[in-house]
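Please open the model in your viewer and set it to a cartoon display, with side chains hidden until they are called for. The tour below goes from one selection to the next and says what is to be found at each stop.

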Amino acid sequence: MKILHLVRCPKETYPFEIAGLQSREGGHEVTVVLLQDAVMSGHPAVDGVAVFSGHEDLDARGLPAIGGTLDYDGIVKKIFEADQIINW
């Protein structure tokens, strides 16, 4: 199952814990997308979980792209590809 976590709050750590469990124990394909102020967080690396930042959100905050980024079209594509979406 493809699971997508959309994270908007920079202080959220729980989504990364859950995503890691889903990947390790459930064998799911898990993706986390950081949106809005969450792009300012120093998110933890999680084995088996793809993490992307919203490109436009990085630009709006004057932050450099570190790791994978998605534009709005890419985010919408991820949403339609996912079997389950969790919004934080």
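What follows is a walk through a predicted model, beginning with strands and ending with a pair of aromatic rings.

Begin by selecting residues 29-34, which form strand E2; five of its six residues are buried, so this strand is largely enclosed by the rest of the structure.

Keep E2 highlighted and add residues 2-7, strand E1, which runs parallel to E2 and is joined to it by six bridges. To see one point of contact between these two strands, pick Lys-2 and then Glu-29, its bridge partner in E2. Now trace the chain from E1 to E2: the path goes through helix H1, residues 14-26, and the resulting β-α-β crossover is right-handed.

Next, add strand E3, residues 49-54, which also runs parallel to E2 and is connected to it by five bridges. Here the residue to pick is Val-32, whose bridge partner in E3 is Val-51.

For the last stop, show the side chains of Tyr-14 and Trp-88, and ask how their rings are arranged. The ring centres are 5.6 Å apart and the planes stand at 80 degrees, which is over the 60 degrees required, so the pair counts as edge-to-face. Tyr-14 belongs to helix H1, whereas Trp-88 sits in the segment after strand E5 (84-87), so the pair ties together parts that are 74 residues apart in sequence. Both residues can be coloured by accessibility: Tyr-14 is partly exposed, with a relative accessible area of 44%, and Trp-88 is likewise partly exposed, at 23%.

Definitions and conventions:
Residues numbered from 1 in each chain as written. Predicted model: local features only at pLDDT ≥ 70, side-chain atom pairs only at ≥ 80, totals over all residues. Heavy atoms only, no water. Buried < 20%, exposed > 50% of the residue type's maximum accessible area, 1.4 Å probe, protein only. Helix = DSSP H or I, 4+ residues; strand = E, 2+ residues; numbered from the N terminus. Pairing = 2+ DSSP bridges. Right-handed = clockwise from strand over helix to strand, strands pointing away. Phe/Tyr/Trp six-rings, centres within 6.5 Å; stacked < 30°, edge-to-face > 60°.
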